[in-house]
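User: I should like to understand how the descriptive terms applied to this model are justified. Please set each value against the criterion behind it.

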Amino acid sequence: MNTRRNPKEASKRGAKPAAASKAQPKTGTRNQGNRASNHKPGAKPGTPAKPAAAVKSYTVSEPAELLPFLLKTLASRGRNSVKSMLARGQVSVNGKPVTQHNAQLHPGQTVAIDLEKHVEAKEMLGLTIVHEDDDIIVIQKDAGLLSIATGEDNELTAYRQLMEHVRLNNPKNRVFVVHRLDRDTSGVMMFAKSEAIQQALQNSWKETVKERSYVALVEGAVKKSEGTISSWLKETSTLKMYSSPHEGDGLHAVTRYKLIQANRHFSLLEVHLETGRKNQIRVHMADIGHPIAGDKKYGAETKAVGRLGLHARVLSFVHPTTGEILTFESPIPKTFLKYTAPAPTN
């Protein structure tokens, strides 16, 4: 199944996986994201009450510690699940929330367990979750947001926000980086929800990824309607990539491009990666004399769009668990279209 989704349709707050998240949407459907609809105690008048079935109450008949009591009472749930419920404040004793595993219970006390309590998700900045299931999270990242930290503890990153997101359901949940986008590159990228899935994706990346394409806003009028750029990339001591003049000296990189539209100032290119090297598109565009707009590091002279003119438009891959082909497509930024619009004819 080839499922194409538009990231603009998703909720900025992030999608919470459904109970049966292994089941994928049908072809052509879009993941809108689910918002938690439960209301906390003390909600304003008129707020719908939580169904009684969501809260179970039990009377303590003999002295016990809280965690053993819960494990015995909720025998159908695993130990980690029960501990997570405690950590999220879903358990109360005589009406007061308790999170301590070894809290002492006494006969006659009432233990209430909220089976459906959800923590309100934070507003995410600079990213939109467009798909989430048990194994992966696919996002659209805005230009200006780091994928992962570069060293400073307080940096806002996609990784950090997604880590907070998955830990709303279980404090032990984590996300793992599969691939990256530069800070100033926008578009579609993916994270894994376990180390095993991360390794499976990275070890078979070339076979797993069916399409990974970008749009690039570059300086000047590109004359050839399409072309292929091949070189060997190396890195300087200042962390700048460049194409070595010697064949075989460095990491082989291949980039294919096709012209979408242009004027005498800028060109808009559809770019496909056959390899995924650091700054590959940025170096290769500079190599052909058309650096990416706003990319001063690689020779750009214009600042017209106020950002780097690079956008990860399509990511299509084989799901590591279901084997389904998932395709996520993001619209071309309007500014890219604006600056490459052909000059009007009289």
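Analyst: The following exchange takes up burial, strand pairing and packing in turn. The model is a predicted one.

User: What makes up the secondary structure of the protein?

Analyst: The protein has seven helices and 18 strands. Of its 346 residues, 43% are buried. Contacts between residues at least 6 apart in sequence join residues at least 24 apart in 65% of cases. The accessible surface comes to about 18,400 Å², and carbon and sulfur atoms account for 50% of that area.

User: Why is strand β8 called largely enclosed?

Analyst: A residue is buried if its relative accessible area is under 20%. Six of the six residues of β8 (residues 127-132) are buried, and therefore the strand is largely enclosed by the rest of the structure.

User: How do you know that β8 and β9 pair?

Analyst: Pairing requires at least two bridges between two strands. Five bridges join β8 to β9 (residues 136-141), so the criterion is met. The two strands run antiparallel, and isoleucine 129 stands opposite isoleucine 139 in β9. With three residues between them, β8 and β9 form a hairpin.

User: What makes β2 and β5 edge strands?

Analyst: The open sheet consists of four strands in the order β2-β7-β4-β5, with antiparallel pairing. β2 (55-59) and β5 (96-97) each pair on one side only, and they are the edge strands.

User: How do you know that β4 and β5 count as paired?

Analyst: The cut-off is at least two bridges. β4 and β5 are joined in the antiparallel sense over two bridges, so they satisfy the cut-off. Valine 93 has lysine 96 in β5 as its bridge partner.

User: Which strands of the sheet does α1 touch?

Analyst: α1 packs on the sheet and touches β2, β4 and β7. A contact requires heavy atoms within 4.5 Å. The direction of α1 makes about 65° with that of β7.

User: Which residues of helix α2 are buried, and what covers them?

Analyst: In α2 (residues 79-87), the buried residues are Val82, Ser84, Met85 and Leu86. By the criterion, each has a relative accessible area under 20%. Their cover includes α1 (66-73), β4 (91-93) and β7 (110-114).

User: Where does a positive phi occur beside this helix?

Analyst: Glycine 89, just after α2, takes a positive phi of about 75°.

Methods. Residues numbered from 1 in each chain as written. Predicted model: local features only at pLDDT ≥ 70, side-chain atom pairs only at ≥ 80, totals over all residues. Heavy atoms only, no water. Buried < 20%, exposed > 50% of the residue type's maximum accessible area, 1.4 Å probe, protein only. Areas by Shrake-Rupley, 256 points an atom, 1.4 Å probe, with all protein chains shown as cover. Axes fitted to C-alpha atoms, helices over the stretch in contact; angles between N-to-C directions.
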